[in-house]
Amino acid sequence: MRSGLNASRTPDDWSFVTDIIVVVAVVVYRWSKKAVGPPVFFDRTLPPGSLTTKSTDRLISPRITQWEGRQIERAMKFKAFLTQDGVHLLDKRTLFFSQSATISDAHFRKHLACSLLYITINLLSGDGVQSVAQFNKDVLFRDYRISSQNAGRIAFAVDVALLHRALRSALTIQAQARDDTAAIQIKLVKKLPAGSRDPAPFLTFETKGRVSAVVQDVPISKPLPRDDVQQLQSALEAAQDLPQTLVQVQDLAQLQSLVDRLRNVGDLLTVAITRYGDLHLQVSTSLITVGSEFRRLRVLGLRADPPIGDRTLSAPTRTEMAIQKGEGLSVQVSLKHLAKSLQCHLAKPDCAFYGIAPQGACLTVIFQFFIPGTRLTDKSISFYCRLPVLDPGSGP
Amino acid sequence: MSSSAGVGGDAPDLVCQLDCAQGMVDALSSVRWKRHQDAVVEISEHGVVLIVEESGCLQAKVYLKRELFLAYEYTAEGRPRFGLSLGLFVDCLNTFSTPGHAPVIEIRYPGPDMQLLLKTVDSPDACIYAEIRTRIPDTISWDCNFQSTGNVHATFTEAVDDLEWPGSSIQIVLQPDPPSVILRGEGHGDLQVEFPYYANTDLLIAFQCDQHVSYRYKYKFLRATTSHIPNSVLKDNRGSKVTIGRGGMLKIQHLISVKRAGGQHSHGDISGGIQQLSRIAYIEFFVKPEEDESPVNDT
């Protein structure tokens, strides 16, 4: 019954994968109005930590821009086993997107990518919160095989809720097997859906337990054309533009509770971050101003000593002075966006850093994960959100 | 901390401190029957009174005695009044009360631009502050000169909430013999609920009535008097006092305990009992009866 991609595979087909360092799978939800979900994009060219495409790809056919024709189909392959850690990361820490996205907004755009696996939300659409989660492929996969004519990258859109569901089913089978033999294999296939004449692409989860085996096909979009993949790549690169100053917020639950309550008061939030380690949030309407200031947070990047005597000033005055001295930045963002980005704390990051990108381009939230049991940053996973700035504010 | 102290030159009318934002939110929410609702606040040396009114027929007052506050410095003469949006005030107080932590909030009036100023004062490294714009208050259209003709100390007001009343108004009857309270509604079918005093001593805690009294009240107003009291408060409800005054003015009084979040402060344990007794907000609703000329009384 299984059609397409793997049917004619021979060991030689995979010989080129030995030089794959990085895989980028981008699941883009931008075609979500169609029946299929998000696009996935696999990139075999990128070393971890560097997102620039290097010309390692012997397979590229420069003319091909659409995922059409048997030739490309044959060239586009992806197959891997999910590791235990990978399953845990995806299930418990990342795919919470499924709840927030599907419920809140039908037009939510979402990208899932692998370098590393990238899960990106709204990266191309430009409106709303953009989120990117990025994993080292070795954390997620073993026996990782990918090929495409698009610089070894494949990107597609997938409904993350469906993806999550498939993962949960696979996990259940695995748990029933009670041993490690029940590995979860995922691969790209093309098959004929019931009642249709055209084959459609799927991401298939195969779990073979001792007593049962489950094959679950998650519908995906056609892989993104080369242009979109490039665009996604540049968007990811642009996102590397770090704010000069980042402040650390440890208690995300407290921040979320505050933000939830502030939403009753107004829609627009002015966020100011200073090099002294102050984070100042303020909602202001014609009838009311409510603000909150967190001081002496840990600072990464550019820092400065607070002026002497600033403790006696009020929070808004203090912030305004810092901005005037060029030691702070302030932007206006939507409280709805901030609340949405805070849902990311469901991914249980160990802490979060807030910063304002140069020229107030966006509010960046970088979540930090520790290696379990240590205080060392887990570099195999990176996760950040960018909130669009509504008005390049000058002061609170 | 004293940043805004010197702004106006002379001392503000009121500077007080509060450590039970959630209790205050509960008390004020009880009289918030609409999302956007204006209120008048009157401050005096005895405490703060917040008054809400609707269409001249329903009035609610929340009495926050000065004992409810950690500190209460009142320096004004007369009784300053100002108007504000009750909804904003409640939402704003709500942002101050974080779960598991009851910050000390300083409330100050007036600010440099006649605002109501709030800020937390107990933590130097994290603060919340708010400025609420006030306005010149509307005159209260009626002040109740209340004289009782019969009253019931009761918890039966839930009957108003829980039953499906058929019409837009409810008739309340108090009769001395046999002592009982009757609620009656007419519309698409009739509904009558009778509470004989002797059969419902747990429901009607006290009953005092010399003459037969019967008035009709708008259902939506009766509902407003009970339905917005937060559930958390209802659990240890001390009962409500329902009184019908001269001319049929209905007065419903609730006592709402304004507890500290968590309720366990090491320094407050010894005098805890006494403190809790005084930590009560009084809430009074006044409902005017429907004009009694015609029994149907539809507009």
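**A sheet shared by two chains**

B:Leu14 stands opposite B:Tyr109, which sits in strand 7 of chain B. That pair belongs to a run of five bridges between strand 1 (residues 14–18) and strand 7 (residues 105–109) of chain B, and the two strands run antiparallel. Bear in mind that this is a predicted model. Both strands are part of an open sheet of nine strands that takes in strands from chain A and chain B.

**The sheet**

- Reading across, the strand order is 17(A)-13(A)-14(A)-15(A)-9(B)-8(B)-7(B)-1(B)-5(B), and the pairing is antiparallel.
- The edges are strand 17 (328–334) of chain A and strand 5 (71–74) of chain B; each has a single partner strand, so one side of each has no neighbour in the sheet.
- From one strand to the next, the twist averages 15°.
- Helix 8 (residues 315–324) of chain A packs on the sheet, where it touches strand 13 (268–274), strand 14 (279–284), strand 15 and strand 17 of chain A, plus strand 9 of chain B.
- The direction of helix 8 of chain A makes about 115° with that of strand 17 of chain A.

**Where the chains meet**

- Strand 15 of chain A and strand 9 (residues 126–132) of chain B are joined by seven bridges and run antiparallel.
- One of the pairings here is A:Ser292 with B:Ile128 as its bridge partner in strand 9 of chain B.
- Overall, the contact draws on 21 residues from chain A and 20 residues from chain B.
- On the chain A side, helix 7 (252–262) and strand 15 (288–294) each put in at least two residues, with strand 15 giving the most, at seven residues.
- By type, the chain A side of this contact splits into nine nonpolar, eight polar and four charged residues.

**Inside chain A**

- Chain A comes in two parts: domain 1 (4–238) and domain 2 (245–388).
- Between them, 16 residues of domain 1 are in contact with 17 residues of domain 2.
- Helix 2 (84–94) and strand 6 (130–135) of chain A each bring at least two residues to the domain 1 side, and the largest share, six residues, is from strand 6.
- That domain 1 side is made up of seven nonpolar, seven polar and two charged residues.

**A buried helix in chain B**

- Helix 1 (residues 21–29) of chain B is largely enclosed by the rest of the structure, because nine of its nine residues are buried.
- Among the buried residues are B:Met24, B:Val25 and B:Leu28, but also B:Gln22, B:Asp26 and B:Ser29.

Conventions
Residues numbered from 1 in each chain as written. Chains lettered and ligands numbered in written order. Predicted model: local features only at pLDDT ≥ 70, side-chain atom pairs only at ≥ 80, totals over all residues. Contact = placed C-beta atoms within 7 Å. Helix = DSSP H or I, 4+ residues; strand = E, 2+ residues; numbered from the N terminus. Nonpolar A, V, L, I, M, F, W, Y, C, P; charged D, E, K, R; others polar. Pairing = 2+ DSSP bridges. Domains from an automatic or database assignment. Buried ≥ 20, exposed ≤ 12 C-beta atoms within 10 Å, placed from the backbone. Axes fitted to C-alpha atoms, helices over the stretch in contact; angles between N-to-C directions.
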